[in-house]
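Please open the structure in your viewer and keep the selection tool at hand. The tour proceeds one selection at a time.

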Amino acid sequence: MTTMTKGALLAGLSFLAPISFAQAQEATGFSIEGELEFAIDSVVDADDSGAELTDTNMTAEAALTYRFSDTVSVFSTLVFETVEDPTGDRFFEDMGLYAEELGIALTFGEHEVAFGKLNPAFGVAWDLAPGYYGADFAEDYELAEQIGVRGTFAVGAGTLSAAVFYADDTKLSESLGINRGRNSSSDGGAGNTGELDNFAIDYAIESGNSAFNIGARYLSKGEGDAEDETGFVAGVTHALNDNLELLGEVAYFDGFGGADEEATYVTLAATYTAGNIGYYGSYTARDLQSAGTDDLLTVGVTYALANDVELGAHYAFKDEDDSESHSLAATVVIPFGF
């Protein structure tokens, strides 16, 4: 997703479950929803000249659901994208297909329990920060591709999600096409334990034109790690009017990644929509105890065509590990579903 379209900040909180509560009474059968993104991504200037390259790529993501009844369904999210970092200019290379989610869900009115490979809820900036580059830092704390159990419950006026899990170390951690390799608990890393000794809890609530989220997580140290990781996140999204939407989120971690390291992330973003044209800007600061503060500033413009196809032009400035870079990207996003 490249921009926050009108209402996307509030609607984006529905990622908490693979099957939203509003779908609970839909007819049985198969459904699919996803998008294709084509991108030309160029690092046009960098302190490290070896990083100056152009990566022409695509990402296809599809969320599939088959409902046997109002109660029982199976779900999967399939992703086809580049699975290796570029080492030079490339053109639709290093592509692999993998299952980000795969499991079974039991829905009971406004509550749901899911089992299998899934994405525990923790924060929203990694999903909702606008632009092609907007989530590049916040994705560091996204919880994805975990084996475990997640419950999503209507509590008060909001939605509570809680999960126990560990990082996928099965064959599903590999990819078809270019194989990204199989994860192993011997690789270490917070949460990569092979046991259900990690948990995350997240509460999201909407009020008028605003949405709030707060969460916590505990990831046990992996093999060779120094510490367990504890993390906390709090965020708010707010629509000032029909055109302007704001996002802010702060995340703090102790023992980040299993290292003796504190980390703080602050993301601020705004999107202004006028007709078919959207303008956005975002800033993320990543403060790592051992490395100091990294900065990510990104701005861009999008244009919506028929059938919600979106064209985008994006710019990013990064100051990372005391090395600066400037990047430009052109994108085409094509949603699909039935």
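The following stops concern the nonpolar core and its aromatic rings.

The model is predicted: local features need pLDDT of at least 70, side-chain atom pairs count only at pLDDT 80 or more, and totals for chains, interfaces and linings use all residues. Residues are numbered from 1 along each chain as its sequence is written, and side-chain values use heavy atoms, with hydrogens and water left out.

Select Tyr141, Phe253 and Tyr265 to begin. These residues have the most contacts inside the largest nonpolar core, which has 29 residues. Such a core is a set of buried Ala, Val, Leu, Ile, Met, Phe, Trp, Tyr and Cys residues joined through side-chain atoms within 4.5 Å; buried means under 20% relative accessible area, with a 1.4 Å probe and protein chains only.

Next, display Phe122 beside Phe253. Both Phe122 and Phe253 are buried, each with a relative accessible area of 0%. Their ring centres lie 6.0 Å apart with the planes at 50°, so the pair is tilted (rings of Phe, Tyr and Trp, the last by its six-membered ring, pair if their centres lie within 6.5 Å; planes under 30 degrees apart count as stacked, over 60 as edge-to-face and the rest as tilted).

Now add Tyr265, which is buried at 1% relative accessibility. The rings of Phe253 and Tyr265 have centres 6.2 Å apart and planes at 90°, so this pair is edge-to-face.

Extend the selection to Tyr141 and Phe256: with Phe122, Phe253 and Tyr265 they form one aromatic cluster.

Finally, select Arg217. Its charged end sits over the ring of Phe122, 4.7 Å from the centre (the criterion is NZ of Lys or CZ of Arg within 6 Å of the ring centre and within 35 degrees of the ring normal).

Notes. Buried < 20%, exposed > 50% of the residue type's maximum accessible area, 1.4 Å probe, protein only.
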